[in-house]
Amino acid sequence: MPIRTSGLAARTRRLLVIAAVLALAAAGFGVHRAIGGAGRDGDADGGAAAPAAARGPRTGDRIIPAPLSVAAGSGPAFRISERTVVRVGAAGGSGGAEEQAVRVRAVAEQLAEALRRPTGFPLTVEAGAGAAPAGAAEGIRLELDPAMPEETGDEGYRLTADSAAVRIAARTPAGLYRGTQTLRQLLPPQVESRSRVTDGTDWTVASVDIDDHPRYAYRGAMLDVARHFFTPDEVKGYIDRLALYKVNHLHLHLTDDQGWRIAVPARPALTEIGASSEVGGTPGGFYTAADYQEIVRYAQERFLTVVPEIDLPGHSNAVLASYPELDCTRSARPWPYTGIEVGFSTVCPTGDAVFAFTGDVVAELARLTPGPYLHIGGDEVKKLAPADYQEFVRRVSAQVVAAGKIPVGWNQTAAAAGPAGVGLLQYWDANGGHEQEVREAAGRGAKVIMSPAGRTYLDMKYDSSYPLGLRWAGTVDVWSAYSWDPDTLNAALPAGSVVGVEAPLWTETLSSPAELDLMLLPRLPAIAELGWSPKTAHDWERFRQRLAEEGARWEAAGFGYEKRSEVPWPVTAR
Ligand code: TNX
């Protein structure tokens, strides 16, 4: 039977969060502030400014992540009305056309559903190639176009809007989906409202021509569900936030000293014992195969790939509590382990028993995971001789490769990276740590995801007095999260080895979705823009102006966020 956070514990948690939010408000957090004087287009003028959206259609230069190119049109805007339909064009006729058509329709349905809620309009989805039938409203059109330039890639799109139609074209359904996220941002922030908006909002899209595709193929965010467990619905909420900013990988940190969160039928003690707790001693929990597959499905619908992580040989106290025979170095601490110290635990690095164990785990995760990656952790092992550690990583990597997946590892696994080993390194220590090993691994063909802790770790405090989070990697304000270049942060890396960025959210100090929101927003959009937008678009001044407008969007969506004073939030009437 799944161990779930009991209703009582969840309620207690919620009450604590409410108390914490009230305390923050009393301490002056959450107060609307406007700094920096007038923004572009005269927004945030420091007075009781009306939200920008109330003063006319939003223009394409407000989008996060900034698109490759935006050309404002001069004609009248497109208006969504009760007559607007979402039209899907015919697929390109290549192989798998039918499957493509199903996915395109699913993208159209998601868009229509997102627009129906706030507008109350029917927004029916209609199929049909070519122009709209005579007399029919053209509406919003989604169309696959395999003839688009190759550099458009799998996620690029073109969005054009004029008074007659909004047209989104892409080579793939994923590209269309990314285009629909841009369309949401072209509409007033109230479009994110989960209920009907009755304040007379004008649902207009300014005339525009946007050409867009991502800088990097890998744009990720991680959620640590091991230190504190988050239910499948809570993970879906996290995915909703990522999808808005065109993030395409969700890395789930499924295991750690404090808990094991995924059922492995051949190893029942992992969930009977290892899932039973979490940091602080609350009950923990785990995902059944069906839970996990539902998360994967929800992510896929939003064109995110789930990257599951099993962290070994260290960070393994929950494994040792479940299978004490794997504790040949006697590193286990009494169960449950509810503290947050790292580095003390390790499974046996050698012997048949441990590889039988990892074989069972890898087989189950590979079975459940349609994406290409399986993350094997490998960080912070203080108890093993380097040779034993490396041999362990090599053998587990070989199991992952044999299961048809690409092993991903934290940068400590670099010596085992390269052909047929760890194929993708997650570089958290990128300000000089493990530099030589990572450079050599990249020279052997390994690719690198940049997750420098002092820039992308969303569990770092915003400033030293911030109540949530840790500060071992320093403090990370919005400016620090934004102001670096993934290609050049570590000069030692060979050109072309960096395939993207990822923002990890560790949860030692975070136990509720409300707390996740405070750490995620507004920093996630900063990392998402580094991953998607061309380097030439990176500009802190403009970014913080654009970010300021997202606040109203998050409020409409019911997302929490931290009103950092670095961002010139509009002053709202209270
Ligand atoms: C480092 S760097 C960790 C995690 C902690 C995190 C807290 C790395 C791969 N691991 O075990 O949760 O710091 O910020």
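**Entry 1: a proline after a helix**

I started at proline 522, which I found in the loop between α13 and α14, the latter covering 523-532. The model is predicted, and I kept that in mind for every entry here. The bond that joins leucine 521 to proline 522 is a cis peptide bond, and its omega is about 15°.

Then I stepped back to helix α13 itself. Is it enclosed by the rest of the structure or not, and how many of its residues are buried? Helix α13 takes in residues 513-520, and six of its eight residues are buried, so the rest of the structure largely encloses it. I wrote down which ones they are: Glu515, Leu516, Asp517, Leu518, Met519 and Leu520.

**Entry 2: another cis bond**

I looked up leucine 312 and proline 313 next. The peptide bond from leucine 312 to proline 313 is cis too, with omega near 0°. Proline 313 sits in the loop between β14, residues 305-312, and α7.

While I was there I checked valine 307, which belongs to strand β14. Valine 307 has a relative accessible area of 1%, so I put it down as buried. I also followed it across the chain to glycine 220: valine 307 and glycine 220 are 87 residues apart in sequence, and their C-alpha atoms are 9.3 Å apart in space.

**Entry 3: what surrounds the ligand**

Which residues come nearest to the ligand? There are 13 residues around it, and the nearest are Arg227, Asp379, Asp459, Trp472 and Glu508. I sorted the shell by type and got seven nonpolar residues, one polar and five charged.

Then I went through some polar contacts one by one. In arginine 227, a side-chain N or O atom is 2.7 Å from an oxygen atom of the ligand. Tryptophan 472 has a polar side-chain atom 2.7 Å from a ligand oxygen. For glutamate 380 the partner is a nitrogen atom of the ligand, 3.3 Å from a polar side-chain atom. How much of the ligand does the protein cover? On its own the ligand has 370 Å² of accessible area, and the protein covers 98% of that.

**Entry 4: the rings around tryptophan 472**

Tryptophan 472 had turned up beside the ligand, and I wanted to see its ring partners. My count of aromatic pairs came to 18. One of them is tryptophan 428 with tryptophan 472: the ring centres are 5.9 Å apart and the planes stand at 80°, so I called it edge-to-face. I placed tryptophan 428 in the loop between β17 (424-427) and α10 (435-443), and tryptophan 472 in the loop between α11 (453-456) and α12 (478-482), so this pair ties together parts 44 residues apart in sequence. Tryptophan 428 is buried, at 14% relative accessibility.

Tyrosine 457 also pairs edge-to-face with tryptophan 472, with 5.9 Å from centre to centre and 80° between the planes. Both tyrosine 457 and tryptophan 472 lie in the loop between α11 and α12, 15 residues apart. Tyrosine 457 comes out buried as well, with 4% relative accessibility. I then noted the whole group: Trp410, Trp428, Tyr457, Trp472 and Trp506 make up one aromatic cluster.

**Entry 5: charges over rings, and positive phi**

Where does the charged end of lysine 246 sit? I found it over the ring of tryptophan 532, 5.6 Å from the ring centre. The backbone of lysine 246 caught my eye as well, with a positive phi of about 65° in a residue that is not a glycine. Lysine 246 lies in the loop between α4 (232-244) and β11 (249-253). Buried or exposed? Lysine 246 counts as buried because its relative accessibility is 0%.

Arginine 302 has its charged end over the ring of tyrosine 298, at 3.5 Å from the centre.

Histidine 434 is another non-glycine residue with a positive phi, near 55°. I located histidine 434 in the loop between β17 and α10. Its relative accessible area is 26%, so histidine 434 is partly exposed.

**Entry 6: one last tyrosine**

I finished with tyrosine 337, in the loop between α7 (317-322) and α8 (352-368). Tyrosine 337 has 8% relative accessibility and counts as buried. Its C-alpha atom is 7.8 Å from that of serine 277, although tyrosine 337 and serine 277 are 60 residues apart along the chain.

Methods. Residues numbered from 1 in each chain as written. Predicted model: local features only at pLDDT ≥ 70, side-chain atom pairs only at ≥ 80, totals over all residues. Heavy atoms only, no water. Near = heavy atom within 4 Å. Polar contact = N/O pair within 3.5 Å; in protein donor to acceptor, adjacent residues only side chain to side chain. Areas by Shrake-Rupley, 256 points an atom, 1.4 Å probe, with all protein chains shown as cover. Nonpolar A, V, L, I, M, F, W, Y, C, P; charged D, E, K, R; others polar. Phe/Tyr/Trp six-rings, centres within 6.5 Å; stacked < 30°, edge-to-face > 60°. Helix = DSSP H or I, 4+ residues; strand = E, 2+ residues; numbered from the N terminus. Buried < 20%, exposed > 50% of the residue type's maximum accessible area, 1.4 Å probe, protein only. Lys NZ or Arg CZ within 6 Å of the ring centre and 35° of its normal.
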